Amino acid sequence: MIRVSAARARILYPVRIETGLLRRVGPLLRAARAPRDVLVVTDRTVLRFHGAVFLASLRRAGFRPRVIALPPGERSKTLARVRALCERWTAWGVDRATPVLALGGGVVSDVAGFAAAAYTRGLDWYAVPTTVLAQADAAIGGKVGVNLPGGKNLLGAFHHPRAVFGDPSTLATLSPRAFRSGLAEIVKIGVIRKPSILDDLERLAGGDRARLPGLIRAAAREKAWYVSRDPDDRGIRRELNFGHTVGHALEASLGYGRILHGEAVSIGMVAALRLSVRVAGLHPRRALEVEELLLSLGLPVRLKRKPGKRFWRALGRDKKRGRMGARMVLSPAIGAAKTYTLPSLTALRSIISGLVQKP
């Protein structure tokens, strides 16, 4: 059992990553004394693959679920979608006692969790992640929100779930691209916190799929460690932004959905690793080893073309930017991370130009 525990913030909830858990969500919620009327938020793809099993588990346990299915993908992370959810709940007469169950990937947990945070100033919610990205990272930590045209996750809140229930068997229905994308966040945890994860990822890249549930649990455990120590993301938890400064700017400038989150973070990590060599003292060989691991996992490490003004504007608006300059999380050694304030973007511009594929 993994737990997120921050006593001063009165935060305590379990994170369970177990095969077959989707069939047991109903009894687990009943044991948690959740009210019988529940609001299920999912997306249309997840509903098609996993809705029957999930809803049957709820109904057998005596729950009465009402379901809303979003269009799949990053383009659902909008304020308009949150408003539509809240208006539907209003039409149903939902009150503050009714919990929200977010069945899906990171987009679903972000949108459902943000709507739960806003509606009547706060509904309880439970995360039931169905992707590698969500089980290893996105569903844990209480960060919920939506995108704005100018930047990723610029509108949001901290609203922690009551529990996280992740079933690795749901990952079999992911597309190969979505599966690979989720691995980027596990690589990140290996780089900044737990190098042994990188060794297991190399074995996974070699075909050892049996390691996947253990890898997800290991990443989730480290994410819970960060959140427990910094639930409001004001200190050490910022290390989790490794690769995200460039990654989020790529998503915003290219258009949400055109590049997957993990793909953008993969390229962002390569940029951060190369900058770490220049600025933080990371050994070049270690940076190259991680880049080669990303390649072996099928993740991108290059850009098709040089980013334009939209990319640099998005990076300039990044919510992690400091008053004196751009902040980036860098790695002085594999297994460690530190936030640096860059006096200028000159070095980063040079690195980004070097990532462009040669014709």
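Is Glu 87 buried, partly exposed or exposed? Glu 87 is partly exposed, at a relative accessible area of 45%. Here, buried stands for under 20% relative accessible area, exposed for over 50%, and partly exposed for what lies in between (1.4 Å probe, protein chains only).

All views show a predicted model, in which local features need pLDDT of at least 70, side-chain atom pairs count only at pLDDT 80 or more, and totals for chains, interfaces and linings use all residues. Residues are numbered from 1 along each chain as its sequence is written, and side-chain values use heavy atoms, with hydrogens and water left out.

**View 1. A salt bridge within helix H3, between Glu 87 and Arg 83.** A salt bridge is a side-chain nitrogen of Lys or Arg within 4 Å of a carboxyl oxygen of Asp or Glu. In this pair the N to O distance is 2.9 Å. Both residues belong to helix H3 and stand four residues apart, about one turn of the helix. Helices (H or I, at least four residues) and strands (E, at least two) are DSSP runs, numbered from the N terminus. Arg 83 is exposed, with a relative accessible area of 58%, while Glu 87 is partly exposed. The count of salt bridges in the model comes to 23.

**View 2. Asp 137 and Lys 223 in a salt bridge.** The closest N and O atoms are 3.4 Å apart. This pair links distant parts of the chain, with Asp 137 in helix H5 (residues 132-138) and Lys 223 in helix H8 (residues 212-229), 86 residues apart. Asp 137 and Lys 223 are both buried.

**View 3. Lys 152 and Glu 74 in a salt bridge.** The N to O distance is 2.5 Å. Here too distant parts of the chain are linked: Lys 152 is in strand S8 (residues 151-158) and Glu 74 in the loop between strand S4 (64-70) and helix H3 (79-92), 78 residues apart. Both Lys 152 and Glu 74 are buried. Through salt bridges that share partners, Glu 74, Lys 77, Asp 110, Lys 152 and Glu 251 form one network.

**View 4. Surroundings of Gly 145 in strand S7 (residues 143-148).** Gly 145 counts as buried, at 3% relative accessibility. Leaving out residues up to four places away in sequence, Gly 145 touches Lys 77, Asp 110, Val 111, Phe 114, Asn 153, Leu 155 and Gly 156. Contact means heavy atoms within 4.5 Å. Thr 339 is 194 residues from Gly 145 in sequence, and their C-alpha atoms are 23 Å apart in space.

**View 5. Two residues with positive phi, Asn 153 and Arg 121.** Asn 153 has a phi of about 55 degrees although it is not a glycine. Asn 153 lies in strand S8 and is partly exposed, with a relative accessible area of 25%. For Arg 121, phi is near 65 degrees. Arg 121 sits in the loop between helix H4 (106-118) and strand S6 (125-129), where it is exposed at a relative accessible area of 76%.

**View 6. Trp 89 in the largest nonpolar core.** A nonpolar core is a set of buried Ala, Val, Leu, Ile, Met, Phe, Trp, Tyr and Cys residues joined through side-chain atoms within 4.5 Å. The largest has 102 residues, and Trp 89, Ile 186 and Leu 201 have the most contacts inside it. Beyond its neighbours within four places in sequence, Trp 89 is in contact with residues including Leu 39, Val 41, Ile 68, Ala 115 and Tyr 119. Another core, of 20 residues, lies apart from the largest and has Leu 21, Leu 29, Val 46 and Tyr 126 among its residues.

**View 7. The second largest pocket, with a volume of about 540 Å³.** On a 1 Å grid over the protein atoms alone, a pocket is an open set of points where a 1.4 Å probe fits, with protein on both sides within 12 Å along at least five of seven lines; lining residues have an atom within 4 Å of a point. Grid points are joined across faces, edges and corners, and the volume is the space filled by probe spheres set on them. Of the 19 lining residues, Leu 254, Ile 259, Leu 303, Lys 304 and Arg 305 lie nearest the centre of the pocket. Helix H9 (244-254), helix H10 (261-279) and helix H12 (309-316) each give two or more residues to the lining, and H9 has the largest share, three residues.
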